[in-house]
Amino acid sequence: MGVQFAYWAPNVSGGLVISNIPQKTGWSFEDNKRYAQIAEANGFDYVLLQTRFFASYGAEKQLEAATLASALAVSTKKLNIITAVLPGLWHPGVIAKIIATIDHISNGRAAINIVSGWFKGEFNGYGEPWLEHDERYRRSEEFIEVIRSLWTNETTTYKGDFYRLNEAPLKPKPIQSPKIFQGGNSKAAKEMAGRVSDVYFMNGGSLEEIKAQIDEVKALRKANGTGDIQFGVNGFVIVRDTEEEAKQVLRDIIVSANEEAVEGFRDSVAAAGKASPEGKGMWADSTFENLVQYNDGFKTGLIGTAEQVANQILELKKIGIDIVLTGFLHYDEDLKAFGEKVIPLVQQKEAAFNNVAVAK
């Protein structure tokens with residue numbers, strides 16, 4: 001299978017960079033409906049809806065992910081819809097029912113992204129316990145076990161440390177078992193991916209950094225899990241007619257960074273990461289410039305001409321990437337341009353690469 005393409009839904013205000021630079025990106029339902037239809041018409045496979053309940057890094061307004069997913073399900077025909085979910089703020093039985101319902105609305109296009117949580121303010125604000133780092137991943141693993149059982153078995157009885165179910169039914173079952181995505185760079189996150197997840201999402205990074213993570217999680221899956229696991233990586237895309245134009249846009253984004261919001265984000269994720277046994281988290285090696293795009297998207301190198309970006313995506317495929325998760329500065333322009341200019345180039349280059357491989 002060729003590389004698949006996903007995009008971050010801008011269902012929170014402020015766009016995909018923590019910067020005061022003008023962005024042609026909206027956050028409303030009508031905006032997100034339009035972007036989903038543009039993406040679907042231009043070769044994208046997935047949309048990922050962010051989970052956020054409180055303002056952070058300048059995101060003052062938020063549309064809830066599962067609710068929006070159900071609306072996009074009836075506004076699209078082919079696009080797979082990934083709903084991000086925070087265990088601890090949802091019960092897995094309730095989410096299993098919600099995602100199964102979205103799967104029926106979309107005729108089998110629902111998926112879920114399990115976010116173990118870094119933003120303590122949301123839990124404190126809602127009066128929910130804020131668990132230690134590895135405990136959050138243990139809870140997430142139980143969450144996945146529960147929803148998988150509900151989607152698969154006639155009834156579910158589960159006795160874990162975080163969840164208890166007693167002969168709980170779920171009908172109707174999903175049309176197909178929704179894919180389960182997760183992220184995280186810590187040891188606990190990788191081990192969880194090795195055991196239970198279908199797709200492991202990574203923050204942006206160099207080819208060497210990404211391949212090291214892929215190799216580690218593949219080994220963990222071989223040792224502790226069953227079935228195949230896929231890999232996705234975050235990449236912020238800036239495609240312009242020349243490499244210099246693209247790099248100038250990047251410089252403009254960073255020069256206009258909202259320093260207070262970036263530093264606030266840095267403090268939040270640093271505190272979450274220091275709570276892990278390793279004493280570092282997903283953003284431990286991120287510079288201020290990296291944090292301006294809050295999932296290290298600049299690091300992946302999808303900045304340049306369409307040809308350069310397509311070549312980099314082919315290199316990502318070669319090291320084992322299955323899904324490229326994209327973000328853009330101007331969704332009203334860049335989403336369509338990526339679909340028209342980059343995705344066909346990637347497909348051409350994949351075909352040429354595969355033909356050479358077969359010939360050998």
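**Entry 1: a pair within helix α5**

I looked first at R138 and E135, which lie 3 residues apart in helix α5 (residues 133-152) and are therefore separated by about one helical turn. The model I am reading is predicted. I found that the side chains of R138 and E135 meet in a salt bridge, at 2.9 Å from N to O. I then looked up how accessible the two residues are. R138 has 36% relative accessibility and counts as partly exposed. E135, at 29% relative accessibility, also counts as partly exposed.

**Entry 2: a further partner of R138**

I asked which residue, besides E135, R138 meets in a salt bridge. I found D161, whose side chain meets that of R138 at 2.8 Å, N to O. D161 lies in the loop between β5 (155-159) and β6 (164-169), whereas R138 lies in helix α5, so this pair ties together parts that are 23 residues apart in sequence. For D161 I noted 58% relative accessibility; as the cut-off for exposed is over 50%, D161 counts as exposed.

**Entry 3: a pair between two helices**

I turned next to E350 and K317, whose side chains meet in a salt bridge at 3.7 Å, N to O. This pair links distant parts of the chain: E350 belongs to helix α12 (residues 331-359) and K317 to helix α11 (residues 306-318), with their positions 33 residues apart in sequence. Is E350 buried or exposed? I found a relative accessible area of 6% for E350, which means that E350 is buried, since buried means under 20%.

**Entry 4: a network and the total**

I also recorded a network, in which salt bridges that share partners join D31, R34 and D332. I then asked how many salt bridges the structure holds. The count is 19. I add a general remark: side chains of opposite charge can pair when their charged atoms come close.

**Entry 5: the second largest pocket**

I closed with the second largest pocket, for which I noted a volume of about 160 Å³. I asked which element gives the largest share of the lining of this pocket. That element is α12, with 5 residues. I listed the lining residues as V237, V239, R240, D241, A306, F328, E333, D334, A337, F338 and K341. By class, I recorded 6 nonpolar and 5 charged residues in the lining of the second largest pocket, and no polar ones. Helix α12 thus enters my notes twice, as the helix that holds E350 and as the source of the largest share of this lining.

Note on methods
Residues numbered from 1 in each chain as written. Predicted model: local features only at pLDDT ≥ 70, side-chain atom pairs only at ≥ 80, totals over all residues. Heavy atoms only, no water. Salt bridge = Lys/Arg side-chain N within 4 Å of Asp/Glu carboxyl O. Helix = DSSP H or I, 4+ residues; strand = E, 2+ residues; numbered from the N terminus. Buried < 20%, exposed > 50% of the residue type's maximum accessible area, 1.4 Å probe, protein only. 1 Å grid on protein atoms, 1.4 Å probe; cavity = no way out; pocket = protein on both sides within 12 Å on 5 of 7 lines; lining within 4 Å. Points joined across faces, edges and corners; volume = space filled by probe spheres on them. Nonpolar A, V, L, I, M, F, W, Y, C, P; charged D, E, K, R; others polar.
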